[in-house]
Amino acid sequence: MVSRNSLGTESVFLVAIFLSVLVLSPTLGIEVYTAREVHGTVGSKVTLSCTFWSSEWISDDVSVTWHFKPDGSRSSQSIAHYAKGKSYIDEVGTFKDRLEFVGNPRKKDGSILIRNLAHTDNGTFTCDVKNLPDVVGTTSSVHLLVFQKVPMRAGVLVGAIVGGVLGVVIIIVVIAYLIRYCWLQRQARLRRDLSALERGKLHKSGKDSKRSRQAPLLYAMLDHSKSLKSASEKKAKGGLGDSRRDKK
């Protein structure tokens, strides 16, 4: 009969072993990344990107598998597989001669290319990566929508509107700056012209004031010369009269 103490000891021992395994063993996991949604048009081509991160070195045993589930269907099918450095494409399904493996798993890229898109390509594409011994991880899926003509998204429309408004604002600011610059240049030119005109007026007024100061002096000199001339003429006339008296 096993005692309770022995059972308790075994339980503690098992818990210790479990914890040691969790602590000592590395956590393995692959992280796979794809876009959420991709749009395409009928007859065009599209690349479905699949990148991944692994905690291990990329080995020769790395493998990439793509699955496709059409819209409205519950089942999925394998359409492309990469392993041992070679790619294998579905040769009998809907993607026959239209699908190409364009990624390089050695560089953590497992992308595929689909040509000549059709409406039947609408669906979910899932990328699954394994890199031994790193095999634990989740897959990643991208939803492909094929249109006759790709509609403009609301975000793109809003971005275009915002960009247009910003462009108009920038143009208005530039025009306002040019107008102000031209106005300032014109004001500066007018100030220079007015300053030059004021200097010319001051110079002219200085000349006029000098002339006005010289005019009375000239008039006085002219009056003095006239008075001297008249005095000399009177003196000359007086001398002639005296000489006539002496002769008589």
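**Figure 1. The whole chain, helices and strands.** The chain's secondary structure adds up to two helices and 11 strands. This is a predicted model, so everything shown here is computed from it. If you walk along the sequence, the pattern you meet is α-β-β-β-β-β-β-β-β-β-β-β-α. Of the 248 residues in the chain, 20% are buried. Take the contacts with a separation of 6 or more: 61% of them come from residues 24 or more positions apart. The chain exposes about 18,600 Å², and carbon and sulfur atoms supply 62% of that.

**Figure 2. A sheet of six strands.** Here the strands line up as E2-E11-E10-E5-E6-E7, making an open sheet with mixed pairing. Why do E2 and E7 each have one side left without a neighbour in the sheet? Strand E2 (37-41) and E7 stand at the edges, and each has a single partner strand, so there is no neighbour on one side. From one strand to the next, the twist averages 20°. Now look at E10 and strand E11 (residues 140-147): they run antiparallel and are joined by five bridges. One spot to find in this view is Thr126, whose bridge partner in E11 is Ser141. As a general reminder, strands of a sheet pair through backbone hydrogen bonds, in either a parallel or an antiparallel way.

**Figure 3. A sheet of three strands.** This open sheet has the order E3-E9-E8, and its pairing is antiparallel. Strand E3 (46-48) and E8 take the edges with a single partner strand each, so one side of each goes without a neighbour in the sheet. On average, neighbouring strands of this sheet are turned by 25° against each other, direction ignored. Three bridges hold E3 and strand E9 (residues 112-114) in their antiparallel pairing. Which residue in E9 is the bridge partner of Leu48? That would be Ile112.

**Figure 4. Strand E1 and its two faces.** In a regular strand, side chains alternate between the two faces of the sheet. Strand E1 (residues 30-33) shows this alternation: Ile30 and Val32 point to one face and are buried, while Glu31 and Tyr33 point to the other and are not. E1 runs antiparallel to strand E4 (residues 51-54), with four bridges joining the two. Look across from Tyr33 and you'll find Thr51 in E4 standing opposite.

**Figure 5. A stacked pair, Tyr82 and Phe101.** Four aromatic pairs turn up in the structure, and this view shows one of them. Are the planes of Tyr82 and Phe101 stacked or edge-to-face? Their ring centres are 5.1 Å apart and their planes sit at 15°, under the 30 degrees used as the limit, so the pair is stacked. Tyr82 belongs to strand E6 (residues 77-83) and Phe101 to strand E8 (residues 99-101), so the pair ties together parts 19 residues apart in sequence. Tyr82 counts as buried, at 11% relative accessibility. Phe101 is buried too, with a relative accessible area of 11%.

**Figure 6. An edge-to-face pair, Phe95 and Phe125.** The ring centres of Phe95 and Phe125 are 5.7 Å apart and the planes are at 65°, so this pair is edge-to-face. Distant parts of the chain are linked by the pair: Phe95 is in the loop between strand E7 (86-89) and E8, Phe125 is in strand E10 (residues 123-130), and the two are 30 residues apart. Both Phe95 and Phe125 are buried. Ring pairs also bring in Phe68, linking Phe68, Phe95 and Phe125 into a cluster.

**Figure 7. The disulfide, Cys50 and Cys127.** In general, a disulfide is a covalent bond between the sulfur atoms of two cysteines. The count for this structure is one disulfide. Cys50 and Cys127 form it, with their sulfur atoms 2.0 Å apart. The torsion about the S-S bond of Cys50 and Cys127 is about -75°, so the disulfide is left-handed. The pair links distant parts of the chain, with Cys50 in the loop between E3 and E4 and Cys127 in strand E10, 77 residues apart. Is Cys50 buried or exposed? Cys50 is buried, as is Cys127. Another cysteine, Cys182, counts as partly exposed, at 49% relative accessibility.

How values were computed: Residues numbered from 1 in each chain as written. Predicted model: local features only at pLDDT ≥ 70, side-chain atom pairs only at ≥ 80, totals over all residues. Heavy atoms only, no water. Phe/Tyr/Trp six-rings, centres within 6.5 Å; stacked < 30°, edge-to-face > 60°. Buried < 20%, exposed > 50% of the residue type's maximum accessible area, 1.4 Å probe, protein only. Pairing = 2+ DSSP bridges. Axes fitted to C-alpha atoms, helices over the stretch in contact; angles between N-to-C directions. Contact = heavy atoms within 4.5 Å. Areas by Shrake-Rupley, 256 points an atom, 1.4 Å probe, with all protein chains shown as cover. Disulfide = S-S within 2.5 Å.
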